[in-house]
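Let's go through this one by asking what stands behind each label. Have a look at the model, then follow the questions below.

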Amino acid sequence: MTLQIKTLEGYHKAYDQSVNDPEGFWAEQAATFTWSQKWDKVLDWDFKGPNIKWFTGGKLNITENCLDRHLASRGDKIAILFEPNDVNGAAKSYTYKQLHAEVCKCANALKARGITKGDRVVFYMPMVPELAIGVLACARIGAVHSVVFAGFSAQALADRVNDAQAKMIICSDYNKRGAKTIPVKKVVDDAMAIGCDSIEATLVHRNTGEPIDLEAGRDHWWHYEVDHRSTSCPAEQMDSEDMLFILYTSGSTGKPKGVVHTCGGYMVYTCFTFKNAFQYQEEDIYWCTADIGWITGHSYIVYGPLLAGATTMMFEGVPTYPDAGRFWQVCEKHKVNQFYTAPTAIRALMAKGEDIPSQYDLSSIKVLGTVGEPINEEAWNWYNKKVGKEKAPIIDTWWQTETGGIMITTLPGITDQKPTYACYPMPGIQACLLDKDGVELTDNDVEGLLCIKFPWPSMIRTTYGDHARCKQVYFSTFEDKYFTGDGARRDADGRYRIIGRVDDVINVSGHRLGTAEVENAINQHPEVIESAVVGSPHDIKGQGIYAYVITSDKVGDHDEFRKELIAVVAKEIGPIAKPDKIQLVSGLPKTRSGKIMRRILRKIAANELSNLGDVSTLLNPEIVEEVKKGRLV
Ligand code: WT7
């Protein structure tokens with residue numbers, strides 16, 4: 001069994017071993033899984049390429065480890081517990097045996113439609129069990145899944161499908177989110193109309209049953225394709241470094257990039273971190289409220305928990321439907337033991353009524369997790385007092401799409417916690433802080449740029465179709481280090497606190513967006529001459545989107561124009577990227593070489609007007625006064 005650390009000494013011992021003998025440490029963990037062929041070499045690496053290979057020569061299938069491996073000992077244990085959007089809807093569950101059968105059926109259906117090892121399959125679905133089943137079915141036959149969050153627009157979906165050159169889209173008819181019903185299949189149709197030439201077929205899961213259009217020969221119902229298939233399907237034996245999935249995420253420049261994760265290392269690390277960060281025990285009910293469209297859902301709803309033989313809950317709905325007690329009602333109903341959510345949800349629920357959690361029996365909760373963005377002290381304290389009753393340790397887990405699994409966290413009940421601090425690196429994670437010249441800050445009580453010095457099994461291997469970009473973004477800022485893009489401080493006792501992004505990435509309600517991406521969308525409007533987007537402090541979302549826009553003089557009605565801009569962004573990216581504030585300006589502060597001074601724009605948006613720094617060297621210093629005066633509150 002994968003190591004579960006139980007004591008502080010145990011943590012130190014594991015950490016020390018993972019640094020002094022990383023290959024030995026991870027080989028011991030890897031040996032607890034089912035491999036059809038053992039690896040020849042634990043690790044091959046250089047950060048210059050980058051070239052990262054874990055467990056080379058090893059052959060495995062991750063679904064045999066998620067499913068088949070548990071059948072003898074946990075066949076009748078619930079693997080997936082499903083809580084629907086509607087509060088009166090029936091919860092559904094799949095035991096490990098049932099899940100295994102459903103995954104095999106779906107895998108056989110994919111094969112029958114010509115999907116084979118290496119083909120890319122895009123998912124655009126709500127949080128229903130079929131999403132997890134479909135993802136695992138891909139992994140079963142060696143197809144590469146790429147899940148696109150169902151809040152992205154048709155254009156964003158088409159961009160991802162085309163970048164991945166996917167052969168198939170799997171979607172639902174409609175998606176229920178709170179009181180809303182969203183026509184998911186219609187969005188897929190729109191994406192196809194934009195142009196997705198690589199797509200040969202779609203598979204449509206009937207979720208609400210309301211009418212949709214199916215194009216003969218192209219669109220197929222899930223139930224016709226899947227339900228009658230055999231419940232057994234041999235697991236394709238994958239090389240450890242074969243691709244498992246692509247997940248698109250935003251960067252500081254250009255279009256979202258496809259982060260590539262591979263089979264062996266991702267399996268070992270997500271299982272290890274799941275067992276240790278959550279201290280999952282055999283009878284526990286674990287609930288992560290993320291969407292499988294993000295990495296959190298991949299690693300800590302699907303793979304990590306199933307690899308560990310856990311009961312993992314999938315929730316279709318939203319935190320505030322039918323009311324702001326929903327999360328706690330679900331925790332009470334299913335006696336949830338580990339609860340994992342995002343600071344934005346905590347802040348939103350806290351704002352709806354500080355005492356709402358006390359209307360529910362939350363005594364089952366043993367561990368509370370947070371992820372996705374820095375958690376402010378007020379939200380931390382509320383979570384601790386009102387939800388955890390000061391008895392459940394809080395784990396503030398820092399990690400990224402690129403890291404595949406949790407990197408820095410408290411181990412609950414084992415290492416200590418401190419509000420707003422993620423605290424200690426996981427075994428295997430050699431975190432460090434650098435100054436801007438790349439010099440490592442070796443003391444404690446320092447602030448710097450967060451980097452990782454040594455490979456870990458679930459780290460990014462490449463960005464799909466563009467290895468140079470992977471090198472440039474993560475491995476070229478500093479020599480021989482993985483650069484996270486985050487700033488952090490380390491306190492006197494070695495605990496890490498993540499401050500936030502130091503690049504042009506913003507974090508809106510835990511959703512990652514590139515400022516350039518939002519600007520590109522805004523610039524699609526014919527009357528926009530130029531725009532600059534920055535993140536600005538927002539009470540609930542963490543960061544809001546503040547856009548500065550130069551328009552042509554043809555624009556008469558400014559309010560109408562702002563509405564049009566918001567619509568353009570929703571169309572190009574999706575509702576999550578809609579600007580909160582749009583300030584119309586006659587110019588943008590620029591350097592003499594023509595670069596927009598975002599630092600100044602960020603400060604103005606944050607109302608830090610007194611310390612804008614020296615603006616006299618700008619190309620157009622006079623514009624700063626105008627922008628300051630027009631600031632939107
Ligand atoms: C960025 C990665 C990893 C799952 C969800 C987000 C920020 C993430 C924390 C945390 C402070 C955090 C960082 C990071 N972030 N977790 N516990 N405390 N900041 O994944 O979309 O790839 O975003 O989210 O800025 O770089 P992602």
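Q: What volume does the largest cavity have, and what lines it?
A: This is a predicted model, and in it the largest cavity has a volume of about 30 Å³. Its lining is made of R113, I115, K167, M168, E200 and A201.

Q: What makes it a cavity, not a pocket?
A: The word cavity is kept for a set of points where a 1.4 Å probe fits but cannot get out, whereas a pocket is an open set. The structure holds one cavity of 30 Å³ or more.

Q: How do the residues lining the largest cavity divide into nonpolar, polar and charged?
A: Three are nonpolar, none is polar and three are charged. Asp, Glu, Lys and Arg count as charged, and R113, K167 and E200 are among the lining residues.

Q: Why is K453 called partly exposed?
A: Its relative accessibility is 30%. Buried means under 20% and exposed means over 50%, so K453 falls in between and counts as partly exposed. You'll find K453 in the loop between β22 (446–452) and β23 (462–463). From its C-alpha atom to that of G325, 128 residues away along the chain, it's 43 Å.

Q: What makes the pair between T401 and the ligand a polar contact?
A: An N or O atom in the T401 side chain sits 2.5 Å from an oxygen atom of the ligand. The cut-off for such a pair is 3.5 Å, so this one qualifies as a polar contact. D486 passes too, with a side-chain N or O atom 2.5 Å from a ligand oxygen. For Q400, a polar side-chain atom lies 2.9 Å from an oxygen atom of the ligand.

Q: How much of the ligand's accessible area does the protein cover?
A: On its own the ligand has 550 Å² of accessible area, and the protein covers 95% of that. Two or more residues of the surrounding shell come from each of α10 (295–307), β20 (394–397) and β25 (496–501).

Q: Which residues come nearest the ligand, and how does the shell divide?
A: There are 17 residues around the ligand, with D396, T397, T401, D486 and R512 coming nearest. The shell has six nonpolar, six polar and five charged residues.

Q: What is known about the second largest pocket and its lining?
A: Its volume is about 270 Å³. The lining has 20 residues, and S252, Q472, V473, T477 and D503 lie nearest the centre. Both α14 (467–475) and β24 (482–490) supply at least two lining residues. The lining divides into five nonpolar, nine polar and six charged.

Definitions and conventions. Residues numbered from 1 in each chain as written. Predicted model: local features only at pLDDT ≥ 70, side-chain atom pairs only at ≥ 80, totals over all residues. Heavy atoms only, no water. Near = heavy atom within 4 Å. Polar contact = N/O pair within 3.5 Å; in protein donor to acceptor, adjacent residues only side chain to side chain. Areas by Shrake-Rupley, 256 points an atom, 1.4 Å probe, with all protein chains shown as cover. Helix = DSSP H or I, 4+ residues; strand = E, 2+ residues; numbered from the N terminus. 1 Å grid on protein atoms, 1.4 Å probe; cavity = no way out; pocket = protein on both sides within 12 Å on 5 of 7 lines; lining within 4 Å. Points joined across faces, edges and corners; volume = space filled by probe spheres on them. Buried < 20%, exposed > 50% of the residue type's maximum accessible area, 1.4 Å probe, protein only.
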